[in-house]
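This report describes how helices, chains and single residues are placed in the model shown below. Please keep the structure open while reading, so that each named residue can be found.

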Amino acid sequence: MQPPAPGGHAPENPLVSLVDAHMHFGAVRALDGVSLTISPGECLGLIGHNGAGKSTAVNVINGGLTPTGGAVEYTLPDGSRATGAAARAAGIRSVFQELSLCPNLTVEENLRIPQHDLWGPGWRRIARKRIAKALDEVFPGHRIKPGMTVGGLTLAERQMVEIATGFAEATEPARLVILDEPTSSLDASIAHQLLDYVRGFCARGGAVIFISHMLGEVFEVATRIDVMKDGRITQSRPVAEFTQQGLIDAMGHVASVEATTAIREDAATRIGEEVLRTDEGLSARRGEIVGLAGLAGHGQAEALARFFMGRSSGPRHSSHPDVVFVAGDRARDGVMPLWSILRNLTLTHLPALTRRSIVDRAAEKVLGADWKRRIGIRTDDILNPILSLSGGNQQKVLFARSLASSAPIVVMDDPMRGVDVGTKREAYDMIRFEASAGRTFLWYSTETEEICQCDRVFVFRNGRISAELTGDQINEENILAASFEMQESTA
Amino acid sequence: MTDTVISTLSQTHRRPWFWAFVASTAAFGATLLLTEGRGGGELLSAALTFAAFSAIVGIGQMFVITLGPGNVDLSIPATMTLAGTLSLKFMGGDAALILPGLGVALAVGLGAGTANYLLIRFLRIPPIIATLSASFLYQSLAIWSNRGLRIKPPSILADFTTGATLGVPNVAIVGLLIAVIAWIILERSIYGRWLSAVGQNARAARLSGVPVQLMFAATFIGSAVLASLTGYLLASFSGGAALNMGTEYLLISIAVVVIGGCSIAGGYSNVPGIWGGALLMFLIVSMLNSYGLGAGVRLIMTGTIIIAIVAAAAGKESSA
Amino acid sequence: MNGNYRILLPVLSLAVLMAAVFYLQPRAMSYFGLNLLFNLAVPIALATIAQMMIIMVNDIDLSVGTFVSFVACVTATFLNDAPLIGAAILAASILAYAGLGALIHMRQLPAIVVTLGMSFVWAGLAVLILPSPGGAAPAWIRTLMTVKPPLVPMAIVASVGIAALTHLLIMRSSTGTLLRGVGGNTRAVLRAGWSVTRLKAGAYALAGFFGVLSGMSLVGLTTSADANIALRYTLLSIAGVILGGGEFTGGRISPVGAVIGALTLALAGSFLSFMRLSPDWQIGAQGAILILVLAVRLVFSRRSARVEG
């Protein structure tokens, strides 16, 4: 991979500059006057809540969207300036949050998709060489072969391939690589390899835009941090001028320490007899909030799915559910895209609203209105399509779908994924309220802050439970310790 | 009250089935234009009769297609033939056996639908292939039991299927009754909700407590039972079962679902559109016939109209 | 690997079926016997490849059968009597296929319905061209299809050729990779700056091209045509792709597998008439063989991958 020649551009010649960019989708102002520049050698950490406009900004920079106002200007490798559809020629690459590989193709074949020059006899050999080299450089010690079919790789390996594709050699060498949540599926050591590589890449004159929820990573790798909020950049300073707490404050984050203690305080009175125990050792008592922790992809979601499927089959389940499920991957596991908010909300509880097979639509509306008020779904009409809601509000509907039922056990598969802080706090309150009313929660979460709110925590490693923590044992240190292999010898 | 009537009227043209009925009326009018208004009653009665057969199988196919992408019942023609053949053979022209004969036909549908479902569920064969392979077996059974004999239906049954009550063909009355029941199931019952949920996202439906496998079984069995009922009626109507009696209903059953404004991607369908599509399919053919166009042109026009309707419907969706 | 595994089952099912044939009828193990068994394999294989091109981009073509019939009618009439006009008609029909692919993508139409409509159109055109069975195969096609290469019958040589050619085209070439990419992840291809409309038009044009070859080779074997000559091909071609290890979505297809799947189907047909099975049961037995092969495939794939919920 050829790093761009340092000194090829004067520092006053940024790779990309956005000048007062506006992007409106109907009434929604996704970008509301954003100006930013990225120069060679820079690693820009872009942070902000979901919906702050990061993805839109990135899509404007890489040419995926044309801004409705303002300008985007690129510097081409020959030093000339260009606007319009010049992102590719300017050597700008994007690694997206949702995976953009073709699972039916091999690793080397996937390089053919972004690299238009790969054709003619011998293209396959060149592709193999380029992707292997990129993988070796970014993730030394990886075990990915260029001939492997992507569909057969683990989630982490796919993300590694995607990142390597972003940095791989091509006729237009990568000069600015945009990494949108690149480490979401990677474990800590692999993530570190990436951070090391990014630092080197920038030192050699490349530029990176690094978007991550993991503030630690941003601090480690960024040279400058831009904070986005409501479609604007509210702060832009060298990394040294920020502290973690300062950053959190800048984003409008409120630490939820009080909530944590509040939840656990009443645990003694709330928790009753044991209501579930699985073969693999998962157990929970009535009114208890049980967390499933550990690194992403270590079997937590599968354990939940197995438990749910096992307890929810049989003819009587639909009318008297024993367990209900709150999906985190909304598009895949939760939302019915053609339906209204109301129909989405009442789906699980529907049998109780049915007389002689006919749905009582008046009762359904009453239930919908009741939950709309209780959890504050932001819409003027509950008959609006579900897709008219923001992600966080869609998630609330999915919560309501499950909680409206009478099921004593609620299974939650990382339900706060991509949800803003306000909604999160409301959801925590709701969970606490329902737990004190006697419901049991099985809660898989990738965020330590959430896990720390649980009464009991099972840490998963390699598909098995590696530790059970209760009460004061539940803290970040213990969870991390149980998540990583190094504890093997002492355990 | 008046407000709701007005808003209902102004909403009507947005209903997915609206255009099927508009086109049907146009085809009907164009045909009558040629005959200067004569024979309108006969044409309408023929249209209702033949559309009823298409509508009944079309409703079964609609439920299957609503289950989501890849779900199509290709065994409808074979099931129709098998049910028609076996039930007529069983009745042997004996008027006392009309109801048991109907039972035989429906039992064939029940068996075929169950077999289809079992192949899909336990051999995990994609529905298109499963119903296709199974239909070969049903067709063979029909050939074997038919032996080239054409057994006449009991004359009462033949009279019923070709007759009319208060001017409405009896077959059409059966078809309309089934449509009403299907409408209630789809729009008002919990099964319609569950069906739509499965069609939109089967995984999410399962995780929300919807009995997905039950819906699959019921839908495929329902489709086969409706096909077998059509086979029974059609064989009685046309004076005996023929081995190719179902052939044209494969394409028609899919076409009426699409023309009626149901989503081929699943999760969204409507019953009135099935009748609209069925009427349109018949009226187009009779219109082209009355204009003296040959089979070739008729086929080309039919195909072009199907594509035009789908293209127009897609345009509306994307602009909405 | 995954890909190699995919090809193993079609090969195995063909081998088992062939072993059964040879066991029941040892005389089939001869040049003449094989020729008879695989008599209609080439047109079926070509139609299956045509279907595969469409399935590759996540669509399905319900008009293959009527299209091949239409081509057969053109071949037995125009291509024989006025070769230039005939060739022009066939070229235009390939263009029509390409246009269809573009239309389906641009307006996001359901392919299953558009091709269903097209099946009426092709059938109508076929009836117009050849209202009653007849026509004659052009001599050069006839010669080509009945040539007797040494050692192995023409049908097998041609099938191997078709498999090799389409494997190079679809699995090895960079364009083929891109086309499969459309099936695997359309958004990624779109985002990388490719015109998916063009790619889909290309896939459909390839389907049209192989459909044309199928119709021409069919007439070469039957020497005359009629408007309903290949109606079964729609279902046979879908079954062939699936038997060959292909899947309906995700661009997971295998040209070699598809050809083998088509051979299996052709063999099953000949095998049954070979066995003097009562004609009543021939169609049924074909269905049973299809189900059996898919059941075996299930057992294998269960063993290979235990995960999945």
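In this predicted model, helix α6 of chain B, residues 127–146, packs with α13(C) at an angle of about 125 degrees, and the two axes are 11 Å apart. That angle makes α6(B) oblique to α13(C), and the crossing of this pair is left-handed. On the side of α6(B), the residues that take part are Ile128(B), Ile129(B) and Leu132(B), and they meet Leu235(C), Ile238(C), Ala239(C) and Ile242(C) in α13(C). Sorted by class, the contact of α6(B) with α13(C) has seven nonpolar residues, with no polar and no charged ones.

The partner helix from chain C, α13(C), spans residues 233–243 and is mostly covered, since eleven of its eleven residues are buried. The buried residues of α13(C) include the four that meet α6(B), namely Leu235(C), Ile238(C), Ala239(C) and Ile242(C), and also Tyr233(C), Thr234(C), Ser237(C) and Gly240(C). After α13(C) comes Gly245(C), whose phi is positive, near 90 degrees.

A second helix pair lies within chain B, where helix α3 (residues 40–66) and helix α13 (residues 272–290) have axes that come within 7 Å and cross at roughly 135 degrees. This angle makes α3(B) oblique to α13(B), and the crossing of α3(B) and α13(B) is right-handed. From α3(B), the contact is made by Leu43(B), Ala47(B), Phe50(B), Ala51(B), Ser54(B), Ala55(B), Gly58(B), Ile59(B) and Met62(B). From α13(B), it is made by Ile274(B), Trp275(B), Gly277(B), Ala278(B), Leu279(B), Met281(B), Phe282(B), Leu283(B) and Ser286(B). The residues of the contact of α3(B) with α13(B) divide into 14 nonpolar, four polar and no charged. The table sets out the two helix pairs.

| Helix pair | Angle between axes | Distance between axes |
|---|---|---|
| α6(B) and α13(C) | about 125 degrees | 11 Å |
| α3(B) and α13(B) | roughly 135 degrees | within 7 Å |

Turning to chain B as a whole, its secondary structure comes to 14 helices and two strands. A compact globule of 320 residues would have a radius of gyration near 20 Å, and the value for chain B, 20 Å, agrees with this. Taken along the principal axes, the C-alpha atoms of chain B fill a box of roughly 60 × 55 × 45 Å. Buried residues make up 57% of the 320 residues in this chain. Among contacts in chain B between residues at least 6 apart in sequence, 78% join residues at least 24 apart.

How many residues of chain C are in contact with chain B? There are 35 from chain C, and they are in contact with 40 residues of chain B. The elements that give two or more residues to the side of chain C that touches chain B are α7 (111–129), α13 and α15 (282–304) of chain C. Of these, α7(C) gives the most, with 14 residues. By class, this side of chain C has 26 nonpolar, seven polar and two charged residues. The contact between chain A and chain C takes 19 residues from chain A and 21 residues from chain C. On its chain A side, there are ten nonpolar, six polar and three charged residues.

Some single residues also deserve a look. Val11(C) has its place in helix α1 (residues 2–24) of chain C, and counts as partly exposed because it has 15 C-beta neighbours inside 10 Å. Although Val11(C) and Ile260(C) are 249 residues apart in sequence, their C-alpha atoms are 6.7 Å apart in space.

Two loop residues other than glycine have a positive phi. In chain A, Glu181(A) lies in the loop between β7 (176–180) and α5 (188–203), and its phi is near 50 degrees; with 19 other C-beta atoms within 10 Å, Glu181(A) is partly exposed. In chain B, Leu166(B) is found in the loop between β1 (164–165) and β2 (168–169), with a phi of about 50 degrees. Is Leu166(B) buried or exposed? Leu166(B) counts as exposed, because it has 5 C-beta neighbours inside 10 Å.

Definitions and conventions:
Residues are numbered from 1 along each chain as its sequence is written. Chains are lettered from A and ligands numbered from 1 in the order in which they are written. This is a predicted model: local features need pLDDT of at least 70, side-chain atom pairs count only at pLDDT 80 or more; totals for chains, interfaces and linings use all residues. Two residues are in contact if their C-beta atoms, placed from the backbone, lie within 7 Å. Ala, Val, Leu, Ile, Met, Phe, Trp, Tyr, Cys and Pro count as nonpolar, Asp, Glu, Lys and Arg as charged, and the others, Gly among them, as polar. The radius of gyration is taken over C-alpha atoms; the globule rule is 2.2 Å times the number of residues to the power 0.38. A residue is buried if 20 or more other C-beta atoms lie within 10 Å of its own, exposed if 12 or fewer, and partly exposed in between; C-beta atoms are placed from the backbone. Axes are lines fitted to C-alpha atoms, for helices over the stretch in contact, and angles run from 0 to 180 degrees between N-to-C directions. Angles under 35 degrees count as roughly parallel, over 145 as roughly antiparallel, 65 to 115 as roughly perpendicular and the rest as oblique. A crossing is left-handed if the near helix is turned anticlockwise from the far one by less than a right angle, and right-handed if clockwise.
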